[in-house]
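The following note was prepared for a colleague who wishes to examine the internal spaces and the backbone details of a model. Please read it with the coordinates open.

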Amino acid sequence: MLPRLVPRQPLRLFRWQAACAQGASVQRRTWASRIPRLLGPWGPVGNSPPVCRRSSSTPAGSPEVALTQERYPVKRLPFSTPSEADLAAFERIIPGRVVTDTEVLAASNVDWLRTVRGCSRVLLRPRTSEEVAHILRYCHERNLAVNPQGGNTGMVGGSVPVFDEIILSTALMNQVISFHSVSGTLVCQAGCILEELSQYVEARGFVMPLDLGAKGSCHIGGNVATNAGGLRFLRYGSLHGTVLGLEVVLADGTVLNCLSALRKDNTGYDLKQLFIGSEGTLGVITAVSIQCPPKPRAVNVAFLESPFYVLIETSGSRAEHDAEKLNDFLEQALRSGLVTDGTVATDQMKLKALWALRERISEALSWDGYVYKYDLSLPTDTLYDLVTDLRARLGSQAKHVVGYGHLGDGNLHLNVTSEAFSRSLLDALEPYVYEWTAGHRGSVSAEHGLGFKKKDALHYSKPPAALRLMQQLKALLDPKGILNPYKTLPAQA
């Protein structure tokens, strides 16, 4: 589902070549597949590069992001402060990969939405799980807080420090370990970029089971740590089902090697599930084993107006048969009045051009000012009601209230923009958005996790007993609380 942002008149560029009045007789026809040369910040959509979220999504010269500790009511926990002796110890563990350069750290301290900022002075870049183990063992002994960081494309402030936590980057852990050409099982390090993995497996006749707008930057380890949903969720399911095994380093440096490549393994507790969606609070994911489905032989994308803008992708094994079925559906939808306008694409360039319209919504909104983002699961019949409700509630307080997301799985991405961060606007949004969601039997996080921004909203979606059990698991696996502190779990459960 796409938001209603584009004025109606330009959409005429997308009209099918043959119009059909409701109830009129319709003969079989080939639907038009003309893609307009829409212009964006990077030029024509049809020639646009892969989406790549950076630490800054606003124009150069924008004001510096306020420190998280100044903007939000959060207090530093009694962790040690990194010293010169600590830097020397890290240098012995990973020679030449201890970063203290302020310019490099500036990018790693700020989330790509430019809404939260830490003040870390140390960035570590290990290459192997053994190096990660040595680092965490040392930090555990010294009571040094650690912020695991992948591609830093998160939406909820979970990938950057809140205070001066040491940033542990997986960027250099980017090797494919193995790929089975029959089963489609991929084993790789956590720092592999999703788009590069997609290209790797597609060249071998398979596809990654997840696809994200941030695929040009995000890491597979971060995807798993946040249980990213993405654009293929409806077809292939969640990472809880497609991840076969994980290698994880615990807070005390213990390496937990559960990197199974088996589809079926019913031997006791399924430990990997603890770390999928844990957002780096229980352990640092260093390697992933994931099941890749066969690459579809035929893919079609339809861009429809109905009355929202809806993007539908179909995939199958026979191009002619799939196109015939899609055309039949569109004929019926148009005849019934369910669809009023649209286009269909089958070749790769046009497919990417249409998907770019959807994938770049988040970056486009960042040019509208400060963005308050909410990632919610709601029953399909009430999916858009919150958007219209908020428009009436906020009035002129907000520049825009926009809703888009995944219609098939009930995932609404709610975005509210303003010229700059406003405490009064935030107070008008929270806890109202969470209360509204809970009142309609929804979840306060559908696919982006909780991170820093949503940790105190967890009780809207989980009962007290679940919160207590989560706290107990955290205390068991990370007794000193050094892994990604101030994230995911509320201070008191």
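The numbered points below treat cavities, a pocket, individual residues and backbone geometry in turn.

1. Status of the model. The structure is a predicted model. Residue numbers run from 1 along each chain as its sequence is written.

2. The largest cavity. There are four cavities of 30 Å³ or more, and the largest of them holds about 830 Å³ of space. Its lining consists of 50 residues, of which Thr153, Gly154, Gly222, Asn223 and Thr226 are the closest to the centre. By class, this lining comprises 26 polar, 15 nonpolar and nine charged residues.

3. Elements around the largest cavity. Two or more lining residues come from each of S5, helix H6 (220-225), strand S11 (284-291), helix H11 (348-359), strand S15 (370-377), strand S16 (400-406) and strand S17 (411-418). H6 gives the largest share, with four residues.

4. The second largest cavity. This cavity encloses about 50 Å³. Its lining is made up of Arg76, Phe79, Ser80, Pro82, Leu144, Ala145, Phe163, Asp164, Glu165, Ile166 and Tyr486. Seven of these residues are nonpolar, three are charged and one is polar. Two members of the lining, Asp164 and Tyr486, are taken up separately below.

5. Aspartate 164. This residue sits in the loop that runs between strand S5 (146-149) and strand S6 (166-169). Is aspartate 164 buried or exposed? Its relative accessible area is 19%, and because the limit for a buried residue is under 20%, aspartate 164 is classed as buried. Its side chain makes a polar contact of 3.2 Å with the side chain of arginine 76. Beyond the neighbours within four places in sequence, aspartate 164 is in contact with Arg76, Thr81, Pro82, Cys119 and Ser120. Arg76 and Pro82 appear again, together with Asp164, in the lining of the second largest cavity.

6. Tyrosine 486. This residue belongs to the segment after H16. With a relative accessible area of 10%, tyrosine 486 is buried. Its phi is positive, at about 70°, although the residue is not a glycine. Tyr486 is a lining residue of the second largest cavity, and it is also one of the residues closest to the centre of the second largest pocket.

7. The second largest pocket. About 1,000 Å³ of space lies in this pocket. Among its 46 lining residues, those closest to the centre are Lys455, Asp456, Tyr486, Leu489 and Ala491. The lining divides into 27 nonpolar, 13 charged and six polar residues. At least two residues each are supplied by S15, helix H14 (423-429) and helix H16 (464-477), and S15 has the largest share, five residues. In terms of domains, domain 2 (68-169) and domain 4 (368-461) each provide at least three residues of the lining. S15 also gives two or more residues to the lining of the largest cavity.

8. Arginine 114. What is the sign of phi at arginine 114? The angle is positive, near 60°, in a residue other than glycine. Most residues other than glycine have a negative phi, so a positive value merits a check. Arginine 114 is placed in the loop between helix H3 (102-109) and strand S4 (123-124). Arginine 114 counts as buried, its relative accessibility being 19%.

9. Cis peptide bonds. Two peptide bonds deserve attention in this context, given that most peptide bonds are trans. Serine 306 and proline 307 are joined by a cis bond with omega of about -10°; proline 307 lies in the loop between strand S12 (298-305) and strand S13 (309-316). The bond from glutamate 430 to proline 431 is likewise cis, and its omega is near 10°. Proline 431 is found in the loop between H14 and helix H15 (432-439).

10. Alanine 66. This residue occupies a place in the loop between strand S2 (43-44) and helix H1 (68-71). Its relative accessibility of 26% makes alanine 66 partly exposed. Aside from neighbours within four places in sequence, alanine 66 is in contact with Arg71 and Arg117. Alanine 66 and glycine 118 are separated by 52 residues in sequence, while their C-alpha atoms are 9.1 Å apart in space.

How values were computed:
Predicted model: local features only at pLDDT ≥ 70, side-chain atom pairs only at ≥ 80, totals over all residues. Heavy atoms only, no water. Buried < 20%, exposed > 50% of the residue type's maximum accessible area, 1.4 Å probe, protein only. Polar contact = N/O pair within 3.5 Å; in protein donor to acceptor, adjacent residues only side chain to side chain. Contact = heavy atoms within 4.5 Å. 1 Å grid on protein atoms, 1.4 Å probe; cavity = no way out; pocket = protein on both sides within 12 Å on 5 of 7 lines; lining within 4 Å. Points joined across faces, edges and corners; volume = space filled by probe spheres on them. Nonpolar A, V, L, I, M, F, W, Y, C, P; charged D, E, K, R; others polar. Domains from an automatic or database assignment.
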